[in-house]
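Trainee: Can you take me through this one? I'd like to know where the protein meets the DNA.

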There are 2 protein chains.
Amino acid sequence: MMPSDRRFATDPSTVRPVARYEQVKRYITDRIADGVWHEGDRLPSEMDLVDALGVSRMTVNRALRELTGEGVITRAQGVGSFVAPAAPRAELLELHDIADEITRSGHTHRARVLMVSSVRADMALAAAFDVRPGTKLFHSVIVHDEDETPLQVEERYVAPHFLPDYLDLDLATVPPHRHLSRAAPAEQIEHVIFAVTPCERLRAWLDLPTPEPCLQLMRRTWVNGRVVMRGTFTSPGSRYSIGGRYIP
Amino acid sequence: MMPSDRRFATDPSTVRPVARYEQVKRYITDRIADGVWHEGDRLPSEMDLVDALGVSRMTVNRALRELTGEGVITRAQGVGSFVAPAAPRAELLELHDIADEITRSGHTHRARVLMVSSVRADMALAAAFDVRPGTKLFHSVIVHDEDETPLQVEERYVAPHFLPDYLDLDLATVPPHRHLSRAAPAEQIEHVIFAVTPCERLRAWLDLPTPEPCLQLMRRTWVNGRVVMRGTFTSPGSRYSIGGRYIP
DNA sequence: TTGACACAGTTGTATATACCATTCATTGTC
DNA sequence: GACAATGAATGGTATATACAACTGTGTCAA
């Protein structure tokens, strides 16, 4: 058989790091992102994709099914698959971009990257990531200033398999969460909010002369059922609050 | 073949409204909900489930894969499948019923009504309600105990025109929010979360010997475009956190 | 014209099979 | 005792096949 027309032909001599259904998903999302297929457009049928990409229908089906779950496409039995309308995701907490928050309120924002390193998970981290203690994790600490005053310490741990080049990124200009959501959309997000007395380290970073109650938001995000990021966002209670308004 | 031992055997004479992989998912989640399998417990292997349920491995695999994406279980190649840690219960921006939360986590709850009175709005209150200072408002303070330990102080101001008989209600048995939502559903809700050092009054109510960071949730609800309630919920940071998990 | 019907095309699900990757316990070797 | 090799168990993926369910269209007959 001539495999030349097969897009994703198996080649035993090379590694196959990415699953084929992932490649099919990428094939679809790339064409949507590039504007080849527009919102509402009809996608090729499963059989068309089977012929075009040289994979089995079950593989195409899985790719399209997952894209449906991610809201990228919609499907209708007996009709076809279509590019879903680009719905802005209503985020529960608009805390994603502290830089935005600061600049939008008329202040100047500055991000200072204090640490970027690779660490070994202790017991607590291992529990948070559901891995064994000692597992390698990436670690970063960024302080966000509002008009030269520290407003928030952003401390993140990232699973290396999820973002292997995390240590090489320029986190000062492009915030971590943008890298993370580019790599893959989170399928599950957990928020927990605490009130804490900051440890010495945090007090120094936040430039707090006296121990002051701090708001601490811990966020974990899941991809493929595995925790890929744990972020701890700490702000002095006197300078920051978390708020939201919604209509039931 | 004898289908008697097959759990989900096909029967052409009956409708099959639910897909088999959904039945398998249900089988798993039911056993977790019923406490047959606990957090961290190992699930039967895919092959075990194949034998037990009489479905193919691909069907079991799809069920377990989707449960992984939903955060119900975690899986590890070469090891097995396990019940995932439970997500924090309270939804971040939902109305949470502190009594429910306490009893559902296996503790005993008690509500102590400390104050119920009519007051005049000061500047801050007037601003919160968007009324003139001096306007009459109803005021209540309730302490919620978890196993005899104060867990939260609930302080509310209610617009009299909204609940004229607020002062006569039995707030110890029927919590205020139930009266409020019965009167009319909120059309808009605002939440703001602070970290504060409790004032003397709050420290006494919460039985805090030393000043400790406290989580403070302020909620305002609107009906017919007017603020009808402002609630302040204060909990010691060491005893309480606000959390939620959601799937985008 | 209208309704009934058949049919092709599409997605949804189920199965058997196969092979790969990872993990862990066991066994053997030095 | 330490280390390496082996193998079983488990999950991860890919495929071919089959049938079911649904939709839209076209055809045919009354």
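Mentor: We will take the two DNA strands in turn, and keep in mind that this is a predicted model.

Trainee: Start with strand D. How many residues surround DNA strand D, and which are the closest?

Mentor: DNA strand D has 26 residues around it, and the closest are R20(A), T59(A), R57(B), R75(B) and Q77(B). Of the atoms of DNA strand D that come within 4 Å of the protein, 65% are sugar and phosphate.

Trainee: Which polar side-chain atom lies 3.2 Å from a phosphate oxygen of DNA strand D?

Mentor: That one belongs to Y21(A). For the bases, a polar side-chain atom of Q77(B) is 2.6 Å from a base nitrogen of DNA strand D. An N or O atom in the side chain of R57(A) lies 3.4 Å from a base nitrogen of DNA strand D.

Trainee: Which element gives the largest share of the surface near DNA strand D?

Mentor: α3(A), with four residues.

Trainee: OK, other strand. Which residues come nearest to DNA strand C?

Mentor: E46(A), R57(A), R75(A), R20(B) and T59(B), out of 27 residues around DNA strand C.

Trainee: And what does the side chain of Q77(A) come 3.2 Å from?

Mentor: A base oxygen of DNA strand C, counted from an N or O atom of Q77(A). S81(A) has a polar side-chain atom 3.1 Å from a phosphate oxygen of DNA strand C.

Trainee: How many nonpolar, polar and charged residues does the surface near DNA strand C have?

Mentor: Eight nonpolar, 10 polar and nine charged. The largest share of that surface comes from α3(B), which gives four residues.

Conventions: Residues numbered from 1 in each chain as written. Chains lettered and ligands numbered in written order. Predicted model: local features only at pLDDT ≥ 70, side-chain atom pairs only at ≥ 80, totals over all residues. Heavy atoms only, no water. Near = heavy atom within 4 Å. Polar contact = N/O pair within 3.5 Å; in protein donor to acceptor, adjacent residues only side chain to side chain. Helix = DSSP H or I, 4+ residues; strand = E, 2+ residues; numbered from the N terminus. Nonpolar A, V, L, I, M, F, W, Y, C, P; charged D, E, K, R; others polar.
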